[in-house]
Amino acid sequence: MSQLTTLILAAGKGTRMESELPKVLHPCCGKAMVRHVIEAATASGSDRIIVIAGYKSEMVHAELGDSVLYAEQTEQLGTGHAVMCAADQLGDTGETLILCGDTPLVTADTLKMLCGKHREAKNGVTVLSAVLEDAGSYGRIIRDAEGNFLRITEAKDCTEEEKLTREINSGMYLFDTAMLKESLGKLDNNNAQGEYYLTDTIALIKEAGGRVDAVPVSDITEIMGVNTKAQLAEAEKIMASR
């Protein structure tokens with residue numbers, strides 16, 4: 001079995017939390033949000049976990065200690081840039097699972113399902129998606145008439161027709177590590193935000209002939225990102241009811 005490395009994006013400040021604490025350290029049911037994500041990744045079969053820390057990274061290190069490895073993202077230049085900061089630690093083979101430190105509700109079962117579908121189809125990258133009643137500001141999964149994955153389009157770049165798409169990108173992915181590293185080397189920040197988008201690697205892998213697909217999660221609460229105190233309270237309620 002090839003090595004499965006998990007990268008957890010945990011560098012953001014989380015301005016909307018209105019707190020000096022790094023966002024991922026806010027407790028959900030008595031445990032820092034990022035710890036729930038680490039536990040799900042561990043239970044899903046990850047061999048190594050690398051937390052990409054940035055804002056007040058010393059607090060993240062103090063919370064997690066030697067239980068994980070670390071990469072530092074000193075400037076916040078986008079999700080693609082965050083992964084670039086850990087690229088040297090990935091090795092050249094195996095798989096890389098990318099998760100968000102602010103999605104405490106994701107479960108090991110869902111991550112195992114993602115890994116299973118990815119391996120079965122021999123994909124270069126598999127996106128964890130969700131089908132929502134109102135896709136809002138999420139990036140859309142665009143498919144052709146046969147249902148084959150075409151691309152991810154950010155909400156602000158969607159045509160009126162694409163906005164009607166209800167399948168969205170959760171921001172969690174499983175990559176073939178070699179293909180991920182090759183595509184990271186080709187990323188540019190030639191966009192309105194001046195950031196390196198991880199989603200651009202998916203288009204690059206597809207162009208290079210890699211198979212790409214998205215698999216929807218059965219319980220949409222699992223992909224819920226926590227950005228505000230109100231969302232944190234909601235996540236706690238869901239977690240407690242489990």
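Here a student and a tutor talk through a predicted model of a protein.

Student: How many helices and strands does the secondary structure of the protein come to?
Tutor: Both kinds of element are found here, so let us take them together, counting runs from the N terminus. The secondary structure comes to eight helices and eleven strands.

Student: What radius of gyration does the protein have, and what would a compact globule have?
Tutor: Start from the chain length, which is 242 residues. A compact globule with that many residues would have a radius of gyration near 18 Å. The protein agrees with this, since its own value is 17 Å.

Student: What share of the residues count as buried?
Tutor: A residue is called buried when its relative accessible area is under 20%. Applied to the 242 residues of the protein, that cut-off gives a buried share of 51%.

Student: Is H36 buried or exposed?
Tutor: First find its place: H36 sits in helix α1, which covers residues 33-43. Its relative accessible area is 11%. Buried means under 20%, so H36 is buried.

Student: Which residues is H36 in contact with, leaving aside its neighbours within four places in sequence?
Tutor: A contact here needs heavy atoms within 4.5 Å. With those sequence neighbours set aside, the partners of H36 are C28, K31, P104 and M239.

Student: How far apart do the centres of the positive and negative side chains lie?
Tutor: Take the two sets in turn: there are 24 positive side chains and 36 negative ones. Each set has a centre, and the distance between the two centres is 3 Å.

Note on methods:
Residues are numbered from 1 along each chain as its sequence is written. This is a predicted model: local features need pLDDT of at least 70, side-chain atom pairs count only at pLDDT 80 or more; totals for chains, interfaces and linings use all residues. Side-chain values use heavy atoms; hydrogens and water are left out. Helices (H or I, at least four residues) and strands (E, at least two) are DSSP runs, numbered from the N terminus. The radius of gyration is taken over C-alpha atoms; the globule rule is 2.2 Å times the number of residues to the power 0.38. Buried means under 20% relative accessible area, exposed over 50%, partly exposed in between (1.4 Å probe, protein chains only). Lys and Arg count as positive and Asp and Glu as negative; His and the chain ends are not counted. The place of a charge is taken as NZ of Lys, CZ of Arg, CG of Asp or CD of Glu.
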